Structures are given as C-alpha cells and as structure tokens.
Amino acid sequence: MHTDARTLENGSLIEGDLCIVGAGAAGITLAREWINGGRRVLLLEGGGFDYDPRMQELYRGESVGLPYFPLQAARLHYFGGTTGHWAGFCSTLDPQDFEVREWVPYSGWPITRADLDLYYRRAAPILQLGYDEWTAAEWQRRDPALVPFALDPGAAWTKMWQFSPPARFGTLYRDAIVGARGVHLYTHANVVEILANEGTTAVDSLRVRTLEGKEHRVRAARYVLACSTIQNARLLLASNSRAVAGLGNGHDLVGRFFMEHLEMPSGNLATLGNKPPSTQMYAFVFGRTKARGEIALSAAAQREHRVLNSTVALAAAPLAEQGRSTFEWATPDVVDKMRVDPVVPEDVAASAAVPRTFHLLTRQEQAPNPASRVTLSNERDALGMPRARLDWRLTELDRRSFRGFYEALGRELGRTGIGRLQMRDWVMEPPTAPWPKSLGGGWHHMGTTRMHPDPQRGVVDANCQVHGIANLYVAGAAVYPTAGCVNPTLTLVALTLRLSDYLKAR
Amino acid sequence: MADARSLARPELLAALGGAAVRAIGERYRAMSPAEADVAALRHAIDDSRPFTARFFGAGNPHIDELVRDDFAHGRTVVIEGWLLSVTEARQCALYSFLSV
C-alpha cells in the first residue's frame with residue numbers, strides 16, 4: 001500500500017509494528033523481507049517516486065574538511081535512494097576487514113566475515129548479480145579467457161568484482177512494495193525528529209513533516225534508521241529534545257568515524273616479456289563486463305607492511321596520459337546523467353593487440369578516524385532541521401599505505417616477471433605532505449554510527465541496535481567500523497538481511 | 001661475465017622505449033656515483049651473481065633471473081617513480097652509456 005503523506009490530514013497518527021526510515025537500498029531490502037509477514041511495516045520515504053530538486057535541497061550541507069562533493073549531489077532523496085545513480089560495483093569485504101589489526105586504530109568488527117557469508121548469498125540476486133561467485137578460479141572456470149596473474153597468494157591475489165546492471169531499486173521494487181501486503185509506504189514523509197521516552201531508553205514516536213507544512217506523528221514498536229550514513233547521523237544528532245547531545249550520543253560518537261574509499265590514480269604498470277600476460281581478467285567495459293579482477297595484497301602482506309586494505313584496477317592506457325580519480329571524472333553532472341539516462345553499454349572496438357601499459361586506480365579503505373565526522377550546521381533546511389556539516393579528514397596511515405601497497409605490489413609483479421610498477425609523485429611524498437589535487441573518494445559514505453559491543457566505543461551493537469535505546473536500529477553503511485576497500489552496497493544489503501532476521505527472531 | 005652491450009638490454013626497453021630507459025639510467029648514475037662508468041656497472045652486476053656462478057661458472061643465472069631475485073629479496077630502487085631491481089637499474093645505466 002502507498003500513501004502520499006501530503007494527502008493526510010495534518011496531525012495524523014500513523015501506527016505500525018516496525019517503522020523503516022528511508023527507502024533506499026537498505027530500507028527497501030528490509031521492507032521486502034517483511035512482505036506478507038503478518039506485521040504492519042511502515043516504510044517512510046522523504047521524497048516521492050521521482051527526482052525533485054526541492055528534496056535534494058534538503059540534503060545540502062556544509063563541507064568544512066578536505067574537499068568533498070556537494071552533499072546534495074552525493075545521495076538521492078527519493079524512493080530507491082542512491083541506487084538511482086549508482087554504478088553497480090559489487091564485491092565482498094575480506095576476512096581481515098573484520099579483524100582487529102593492531103596497526104589500524106579502531107579496527108575490528110564484533111562480527112566476522114563468516115557471519116555474513118549466508119547474507120552475501122542472499123544479497124546477490126537482490127542486486128541482480130548473476131552469481132554468488134567471488135574467486136578468480138570460479139570465474140576462470142566460467143570463462144577460460146579470464147586468466148588471473150600468477151601471483152604468490154602469500155603476497156598478492158586477484159580479488160573479484162561483479163557488476164550489477166545496475167539495479168535501480170526505485171523502478172525494480174516499486175510495484176512489489178506498493179502492492180505488498182503488510183508493508184505501507186509513505187512518501188513525502190520526512191522524519192525531522194526521533195522522540196524518545198522520558199528516560200531516553202526507547203523511541204516513543206517520530207515527527208514527520210512535509211514540505212507543504214503538514215506534520216504527522218509515527219509510532220511503532222521498533223524503528224530502523226535507513227536514510228544513509230550522513231542523514232542517519234544528522235537525524236540522531238537533531239533528535240535532542242530529551243538528549244541534549246542527540247539520541248544515542250551519550251559518548252559523543254554519533255557522526256564520528258565518517259569514512260570514504262580513496263579512489264585515486266596512483267601509478268602505472270608496464271607488462272613485460274615477448275608474450276605479455278593476458279590482462280582480460282582485469283578489463284572493464286561499463287555495461288558489458290559481468291565480472292573482473294583487481295589486484296590486492298594478501299592479509300599477511302598487509303600485516304607485514306602495516307598498510308590498509310586496497311585493490312588496484314588496471315585500465316589500459318598510454319603511459320603519457322594521466323588517469324583521473326573518481327572525484328575528477330565522476331563529477332556531479334556526470335553522476336546525475338547516470339540517474340537520468342539508462343545505462344548504455346559502451347561500444348568498444350575489438351583489438352587483437354594485447355595492451356602493455358596500464359593506469360592503476362587504487363581503491364583504499366580510509367583508516368577509522370574519530371576526527372572525520374558529521375555534526376550539525378547552524379543553518380536549517382526548509383523543514384526546520386539543522387543541516388549536516390561534514391568534516392572529512394584523513395590520517396598519515398591513509399597516505400603512507402599507498403606507498404607501502406605499491407612497493408609491496410611492485411616487488412611481487414617484478415618477482416613474477418609480470419611487469420614493472422610506477423608510482424605517481426604524490427605517492428612517494430612523505431605521509432605528512434598535503435594530499436594532491438587528485439584526492440578523491442568514491443561517493444561512498446560509511447561510519448558515523450559504528451558498530452561496537454562497548455557503548456563507549458560504538459553507537460550500535462553487533463545487532464545494529466543503538467546502545468541504550470531498546471527499540472532503535474540502524475541499517476546501512478553507517479554501522480561499518482571499517483570500510484574495507486570495496487563499494488559498500490553489497491555489504492549493506494547483506495547486513496540489512498541479517499538485521500531483518502534478527503528482528504524477526506525477537 | 002656477459003659483455004656490456006648484451007647487459008645493456010633491460011627487459012624494460014620494449015615496454016618503455018629507449019628515451020625513458022636512458023633517463024632512468026642517467027638518474028641511476030647520478031644516484032650511485034661509484035657506479036658511474038661502464039666497467040664499474042659491469043662489475044657491480046657481476047658481483048651480484050651467486051658465489052658459485054662468479055667463481056666456478058656453475059648455474060650461471062640469466063640476467064632476468066638476477067632481476068627477479070632482486071625483487072624477491074627487496075633489492076630495489078625507485079627511479080622516476082618506477083620500482084626497479086637494482087640489477088635492471090644498472091642495465092639501464094649501461095644502456096645510457098652505450099646507446100646512441
């Protein structure tokens with residue numbers, strides 16, 4: 001069922017068993033799990049079914065740290081959320097991403113990779129991935145032309161990615177949600193405050209506003225925030241009627257540990273030999289490639305060199321040209337075009353020549369950093385809610401890891417005779433040097449309500465429940481304690497499925 | 001010991017071309033003044049061969065094997081951003097002397 005909240009009588013009370021705030025990848029995934037479940041599920045979406053600049057304007061915020069995308073361009077505020085312009089890149093986190101790494105401050109999840117295996121399998125079809133296959137060997141069996149580099153697995157390996165068409169949840173799941181029994185979607189229902197009970201031990205209700213000036217109240221037994229990493233933090237911080245510092249923020253952690261993926265051109269590769277190695281495994285054509293490999297250091301090598309987790313993507317190109325970071329090529333205009341136009345597979349002229357030179361695009365996790373944070377601005381939006389202020393900050397470990405990664409990878413590529421690796425000048429600069437102009441992320445937002453069993457070290461527990469708030473949960477990449485080096489969507493869908501199972505079992 | 005001209009053919013040459021290899025070689029010479037002539041470079045490469053190969057000619061490894069062994073044991077140098085084996089950097093230096 002669907003109701004436009006603008007059509008409700010002002011001051012309406014909406015009641016249900018489970019209330020999901022936000023209809024993006026996490027919110028829609030969760031709602032789908034509860035169709036025909038015998039419960040009254042409320043799915044609240046601030047926007048409508050179509051892109052609306054007035055809704056996007058609600059996401060505008062300040063950026064006071066390192067240069068960042070305009071916040072209102074980085075996330076989409078309508079049914080389907082940011083899947084409306086995502087590029088469909090999917091891969092799984094690695095086992096070491098979940099472990100405490102003594103050289104990575106604040107690392108470690110309260111769950112393991114094995115805890116997510118089942119949910120990755122369930123998440124794959126939701127994102128329209130053809131196969132739950134994540135090893136180079138499996139993909140080589142499927143297509144013998146995909147030959148991974150012969151690397152020592154103790155040093156480096158080929159990490160597989162799959163590419164969603166990309167799945168646009170707004171069109172893909174709209175009919176299923178609108179026609180669902182047990183799920184009631186409310187569009188144009190912007191939650192502006194979470195109202196806690198007197199002891200701030202549970203959520204009593206939500207205040208919902210429309211741009212047209214109506215205000216409603218939503219009450220449910222349990223609530224799940226699924227409105228993106230920055231907006232989840234903003235909503236918790238702005239919910240300060242009873243908790244002055246914001247809800248769930250008794251230890252000043254909400255909004256901290258904001259993380260991105262550093263996606264930057266960092267070097268070049270020249271393959272060697274009379275018969276250079278096949279690189280088809282690593283090739284990518286947007287809209288055509290189903291799976292490809294990127295090269296990563298082994299967990300042991302990361303430990304030895306005390307570096308963050310990274311992968312490197314190969315793009316065949318002359319050395320004389322300069323590669324561009326995701327920030328440099330995926331400008332807001334380009335990303336908006338991905339929302340407006342259907343994805344058309346690139347036409348690539350077939351070439352018999354095996355490429356020998358490549359640009360290397362690194363995808364590196366950002367080290368968890370409490371100073372990298374989302375707070376509230378003094379400015380308010382049209383609904384009267386304080387805007388978000390992003391202070392994106394990096395550490396020396398982020399900078400040093402690039403060089404450590406490239407030196408270790410360069411040695412392995414040299415030892416195996418595959419080729420020689422060249423680092424860009426900024427990679428070789430001291431870790432205290434300023435970041436180069438090519439500094440960029442992947443439009444990925446993680447952290448701000450990190451998961452930790454100790455309320456003094458995390459906002460949510462291992463089940464994604466906000467510490468100290470009995471009926472409030474967070475779904476999405478906001479709960480990631482560390483970012484891994486892969487795009488967040490697959491994992492956030494997997495975590496949402498896990499949260500759904502937990503909620504059903506309670 | 002191989003002659004200087006055959007040593008002055010680093011595997012990199014096909015991938016990067018003569019100009020880039022020459023620039024790398026000149027940079028290496030500037031970084032390593034003790035190896036700033038052809039004889040010194042030849043000896044430096046020869047001295048990096050295993051003892052049995054140097055004195056008994058046994059199992060004399062191909063230059064490419066020396067290069068890969070450098071990478072395996074961390075005998076590397078960064079020149080113009082390229083992570084190179086010390087042996088191949090010496091090859092590049094020889095190339096910079098001997099190419100016209």
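Below is a short working chat about a predicted model with chains A and B.

Reader: What are the ground rules for this model?
Author: The model is predicted: local features need pLDDT of at least 70, side-chain atom pairs count only at pLDDT 80 or more, and totals for chains, interfaces and linings use all residues. Residues are numbered from 1 along each chain as its sequence is written, while chains are lettered from A and ligands numbered from 1 in the order in which they are written.

Reader: How is chain A divided?
Author: Into domain 1 (1-124 + 167-260 + 369-390 + 444-506) and domain 2 (130-163 + 261-365 + 395-434). The bounds come from an automatic or database domain assignment. Taken over C-alpha atoms, the centres of the two domains of chain A are separated by 31 Å.

Reader: How many residues of each domain are in contact?
Author: 28 residues of domain 1 of chain A contact 25 residues of domain 2 of chain A. Contact means C-beta atoms, placed from the backbone, within 7 Å.

Reader: Which element gives the most on the domain 1 side?
Author: H4(A), with three residues. By class, that side of domain 1 of chain A, touching domain 2 of chain A, has 14 nonpolar, ten polar and four charged residues. Here Ala, Val, Leu, Ile, Met, Phe, Trp, Tyr, Cys and Pro count as nonpolar, Asp, Glu, Lys and Arg as charged, and the others, Gly among them, as polar.

Reader: Now the core. Which residues touch the most other members?
Author: A:Ile20 and A:Leu44, in the largest nonpolar core, which has 171 residues. Such a core is a set of buried Ala, Val, Leu, Ile, Met, Phe, Trp, Tyr and Cys residues joined through C-beta atoms within 7 Å. Buried means 20 or more other C-beta atoms within 10 Å of the residue's own, with C-beta atoms placed from the backbone.

Reader: Where does this core lie?
Author: Between domain 1 and domain 2 of chain A, because both give residues to this core.

Reader: And what does A:Leu44 contact?
Author: Leaving aside neighbours within four places in sequence, the contacts of A:Leu44 include A:Ile20, A:Tyr186 and A:Val218.

Reader: Switching to H8(A). Why call it largely enclosed?
Author: Ten of the ten residues of helix H8 (residues 229-238) of chain A are buried, so the rest of the structure largely encloses it. Helices (H or I, at least four residues) and strands (E, at least two) are DSSP runs, numbered from the N terminus. The buried residues of H8(A) pack against several elements, including helix H3 (71-74) and strand S10 (215-225) of chain A.

Reader: Any sheet nearby? What is the strand order?
Author: S4-S16-S15 (chain A), an open sheet of three strands with mixed pairing. Strands pair if DSSP finds at least two bridges between them. S4(A) and S16(A) run parallel, joined by two bridges. A:Glu62 stands opposite A:Arg389 in S16(A). H8(A) packs on this sheet, touching S15 and S16 of chain A.

Reader: What about S11(A)? Which strands does it pair with?
Author: S14 (residues 357-365) of chain A is joined to S11(A) by nine bridges, running antiparallel. S17(A) also pairs with S11(A) in the antiparallel sense, over five bridges. Eleven of the eleven residues of S11(A) are buried.

Reader: Last one. How many residues make the contact between chains A and B?
Author: 18 from chain A and 15 from chain B. H12(A) gives the largest share of the chain A side, five residues. That side has five nonpolar, six polar and seven charged residues.

Terms used
Contact = placed C-beta atoms within 7 Å. Buried ≥ 20, exposed ≤ 12 C-beta atoms within 10 Å, placed from the backbone. Axes fitted to C-alpha atoms, helices over the stretch in contact; angles between N-to-C directions.
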